[in-house]
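Visitor: Could you take me in for a close look at one part of this model? I would like to start with a helix and its surface, and then see what else is worth a stop.

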Amino acid sequence: MEQATKKSTVVLQKLGPLVAFILLFIVVAILNPSFIAPLNLLNLLRQVSINALIAFGMTFVILTGGIDLSVGSTLALSSALMAGMIVAGLNPILAIVLSALIGALLGAVNGLFITKGKVAPFIATLATMTIYRGLTMVYTNGNPITGLGDNLAFQLFGRGYFLGIPVPAITMVITFFILWFILHKTSFGRKTYAVGGNEKAALVSGIKVDRVKWLIYSLAGLLAALAGSILTSRLNSAQPTAGTSYEMDAIAAVVLGGTSLSGGKGRIFGTLVGALIIGTLNNGLNILGVSSFYQQVVKGVVILIAVLIDRKKS
């Protein structure tokens, strides 16, 4: 009987974020039926894709017991450099690829500070958040980069549809399945959990902890840059202030999805659900006409509740 109760509790904990999302969806739909209009739901998926991509990378980071506050600034800097390349005449698709590599490089810098410099992740990424944002302002001179041309493939990347589904949402789903496989079906995924669960034990067992962390922060940077490419395509411009506070939404999605801030516990599926919860909150509150100031309060309360639940489970 006791064993069955424990199993039920574990299942409930795993399904908790999904149940919360379904309930939130139903409540918003009842309060304003226009929320479930097909056009709005497609728009919701497009909005969620950017936060979800960043949150996927953040999941790996938090699973190791770390944090990355620089993802929003990484998004802005990689997007600005990508836009500059396009304006200079480079093929937009090649510019997107180079932007992803730049994002990975910026993430790798974080990893080096944390692993080789032995700087706490919070401090290291707080510093690079400021540095990358400053470099973005220097590069753009504080002005948006426009005139990105009319390349069809580039336009489709952020604004297009495939079989009636927004391309950013398709990109999000493909990325989710790739990362789900890496996290749950490969040795790298097992090492990620091991590092977060007990770093000293992982080191003793032969896992190259520094290498795992370095690769994870590089992955977080790459995904932030990919999200930035989608945002730039969607706006058809690179904004120097792009990505501001995106790291907060990403962390919120990860925590709401059930990943423990202390590391070692969590699932990327939960992060996807968490991103859907954040997106539904943003979209639903806008449709209901709630002031953006109150929206921040509501999101803050939701995040606080999620953290308190996480502490109770720990």
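**A nonpolar patch and other stops**

Guide: Happy to, and let's begin with Ile-93, which sits in helix α4, spanning residues 92–115. Keep in mind as we go that this is a predicted model. Ile-93 has a relative accessibility of 38%, so this residue counts as partly exposed, a class that lies between the 20% limit for buried and the 50% limit for exposed. Ile-93 also belongs to a nonpolar surface patch, together with Leu-94, Val-97, Leu-98 and Leu-101. The accessible area of these residues together comes to about 400 Å².

For a surface patch of another kind, turn to Arg-190, Lys-191, Lys-208 and Arg-211, which gather as positive charge. Within this group, Lys-208 is found in the loop that runs between α9 (199–204) and α10 (209–235). Lys-208 is exposed, because its relative accessible area of 62% is over 50%.

Another loop, between α11 (246–256) and α12 (268–287), holds Leu-261. Leu-261 is partly exposed, at 33% relative accessibility. Its C-alpha atom is separated by 8.0 Å from that of Gly-66, although the two positions lie 195 residues apart in chain numbering.

Let's finish on helix α7, which covers residues 167–185 and has 19 residues. From first C-alpha to last, α7 reaches 27 Å, close to the 27 Å expected at 1.5 Å a residue. The buried residues of α7 include Val-167, Met-172, Phe-176, Leu-179 and Leu-183. Pro-168, Ala-169, Thr-171 and Thr-175 are buried in α7 as well.

Note on methods: Residues are numbered from 1 along each chain as its sequence is written. This is a predicted model: local features need pLDDT of at least 70, side-chain atom pairs count only at pLDDT 80 or more; totals for chains, interfaces and linings use all residues. Side-chain values use heavy atoms; hydrogens and water are left out. Patches are made of residues with over 30% relative accessible area and no salt bridge: like charges are joined within 9 Å, nonpolar side chains (Val, Leu, Ile, Met, Phe, Trp, Tyr) within 5 Å. Accessible areas come from the Shrake-Rupley method with a 1.4 Å probe; for residues, only the protein chains shown count as cover. A salt bridge is a side-chain nitrogen of Lys or Arg within 4 Å of a carboxyl oxygen of Asp or Glu. Lys and Arg count as positive and Asp and Glu as negative; His and the chain ends are not counted. The place of a charge is taken as NZ of Lys, CZ of Arg, CG of Asp or CD of Glu. Helices (H or I, at least four residues) and strands (E, at least two) are DSSP runs, numbered from the N terminus. Buried means under 20% relative accessible area, exposed over 50%, partly exposed in between (1.4 Å probe, protein chains only). The expected span of a helix is 1.5 Å times one less than its number of residues.
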